[in-house]
Amino acid sequence: MDVHQLRMLRELGERGSLAAVARAFHVSPSAVSQQLTALQRRVEVPLTERRGRNLVLTGAGQALAEAAVQISVAMSSAEQAVSRYVQDPTATVKICAFNSAALTYFGPLLGDLAGEGNPRLVCHDRDVGQDAFPALAADYDLVIAHRLEHSAPWPSSLTVLPLVREPLDVAMSDQHPLAGQSTVGVGELIDEEWVSVQDGFPLVSALHSIAVHAGKPLNITHRINEFFVAATIIANSSAVALMPRYTAAPQPGSGIVLKPLRDVHLSRHVDILCRPESLHRTAVQKVLRTLQNCAAPTRANGKDAEGTV
């Protein structure tokens, strides 16, 4: 049954006439009559009857009107529950991120949101191809995703909040013959062994761009999605790989160095994806602001680096 029609039936019982109900709902008496007629089709016994010039409720109509009061109370309670959920600053917020972003942001995010009065954060890492990120917004309040700078934009049905623009550098062992240079060129790398990610992941097309610039395929030997696994291969061999400058930055003593490419400018966008309604929640807004603050130093470094890679 339609809740709006039940409200009109209740009001008829309490106000006593179609005209009074029409005034209460700011519609015409005929519009009220049409709604009550539609409601009558849903039940087998008469809900109203004529008494003189007035339309009044039958016994069945009165019983349904009383039930409508309980329905109205339940609807009001449900609306208040939703309002409390939306406005609760300590509600649970589910967030997912690809591996290197999870490593970079989850720790600081949890640290900044520790203590009373903050949202309860539930973190997941999801290692998926670029095309699979949008679907994750159905299961998580916030999705940290990445795509290459010149790839197709995210679907317009999602809210997209840019987090970081991150240059892609060439990672190599600090013992590599090119490690002493400030930058490296494609021509110097074309015959090297490469570590790539699996097909379908964003960096594949970046490596393809390098191959197009060089005019020949890259010698891809290893396929590793996790940057820190790739780093162990690079540190102990002559292989090279593309790596993000900030979220996969090598630690001191790792045996890895990052070198900007001087003749191909490659970067990726790290974005926050969510369904528009998620941002109505106070707790989600708090996590979002905290995440943006965590990324602020990286954004500043990215602006300094624009035009240099």
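**A first look at this predicted model**

Glu 14 and Arg 10 sit four residues apart in helix H1 (residues 3–15), so about one helical turn separates them. Their side chains meet in a salt bridge, at 3.3 Å from N to O. Keep in mind that this is a predicted model. Besides that bridge, there are two nonpolar cores to meet, plus a cluster of aromatic rings and a nonpolar patch on the surface.

**Salt bridges**

- The structure holds 10 salt bridges, and three of them are picked out here, starting with the one in helix H1.
- In that H1 pair, Glu 14 counts as exposed because its relative accessibility is 54%, while Arg 10, at 24%, counts as partly exposed.
- Arg 268 and Glu 166 also join their side chains in a salt bridge, with 3.0 Å from N to O.
- This second bridge links distant parts of the chain: Arg 268 belongs to strand S11 and Glu 166 to strand S6, 102 residues apart.
- Are Arg 268 and Glu 166 buried or exposed? Both of them are buried.
- Asp 191 pairs up with Lys 216 in another salt bridge, where the closest N and O atoms are 3.2 Å apart.
- That bridge connects two loops: Asp 191 is in the one between helix H7 (186–189) and strand S7 (193–196), and Lys 216 is in the one between helix H8 (203–214) and strand S8 (219–223). The two residues are 25 residues apart, and the pair links distant parts of the chain.
- Asp 191 is exposed, with a relative accessible area of 61%, whereas Lys 216 is partly exposed at 38%.

**The nonpolar cores**

- The largest nonpolar core has 40 residues. Tyr 105, Phe 133, Val 143, Ile 144 and Leu 163 are the ones with the most contacts inside this core.
- Several elements supply at least two residues each to this core: strands S3 (92–97), S5 (142–148), S6 (159–173) and S11 (267–274), along with helices H5 (99–112), H6 (133–136) and H10 (282–305).
- Which element gives the largest share of this core? That would be H10, with seven residues.
- Ile 144 is a good place to look around: leaving out residues up to four places away in sequence, Ile 144 touches a long list of partners, including Ile 95, Ala 101, Tyr 105, Phe 133, Leu 163, Val 270 and Leu 291. Asp 271 is also among the residues that Ile 144 touches.
- There is a second, separate core of 36 residues, and its members include Val 170, Ala 206, Ile 256 and Val 264.

**Aromatic rings**

- How many aromatic pairs does a search of the whole structure find? The search finds two.
- One pair is Phe 98 with Phe 133, arranged edge-to-face, with 6.3 Å centre to centre and 75 degrees between the planes.
- Phe 98 lies in the loop between S3 and H5 while Phe 133 lies in helix H6, so this pair ties together parts that are 35 residues apart in sequence.
- Phe 98 and Phe 133 are buried.
- The other pair is Phe 133 with Trp 154, again edge-to-face, at 6.2 Å centre to centre and 85 degrees between the planes.
- Here too, distant parts of the chain are linked: Phe 133 is in helix H6 and Trp 154 is in the loop between S5 and S6, 21 residues apart.
- Phe 133 counts as buried because its relative accessibility is 1%, and Trp 154 counts as buried at 10%.
- Put together, Phe 98, Phe 133 and Trp 154 form one aromatic cluster.

**A patch on the surface**

- Val 3, Ile 71 and Met 75 make up a nonpolar patch on the surface, with about 210 Å² of accessible area together.
- Within that patch, Ile 71 has its place in helix H4 (residues 59–87).
- Why does Ile 71 count as partly exposed? Its relative accessibility is 32%, and partly exposed covers the range between under 20%, which is buried, and over 50%, which is exposed.

**A buried serine in a loop**

- Ser 278 is found in the loop between S11 and H10.
- With a relative accessible area of 11%, Ser 278 is buried.
- Leaving aside neighbours within four places in sequence, Ser 278 is in contact with Asp 141 and Val 284.

Conventions
Residues are numbered from 1 along each chain as its sequence is written. This is a predicted model: local features need pLDDT of at least 70, side-chain atom pairs count only at pLDDT 80 or more; totals for chains, interfaces and linings use all residues. Side-chain values use heavy atoms; hydrogens and water are left out. Patches are made of residues with over 30% relative accessible area and no salt bridge: like charges are joined within 9 Å, nonpolar side chains (Val, Leu, Ile, Met, Phe, Trp, Tyr) within 5 Å. Accessible areas come from the Shrake-Rupley method with a 1.4 Å probe; for residues, only the protein chains shown count as cover. A salt bridge is a side-chain nitrogen of Lys or Arg within 4 Å of a carboxyl oxygen of Asp or Glu. Buried means under 20% relative accessible area, exposed over 50%, partly exposed in between (1.4 Å probe, protein chains only). A nonpolar core is a set of buried Ala, Val, Leu, Ile, Met, Phe, Trp, Tyr and Cys residues joined through side-chain atoms within 4.5 Å. Contact means heavy atoms within 4.5 Å. Rings of Phe, Tyr and Trp (its six-membered ring) pair if their centres lie within 6.5 Å; planes under 30 degrees apart count as stacked, over 60 as edge-to-face and the rest as tilted.
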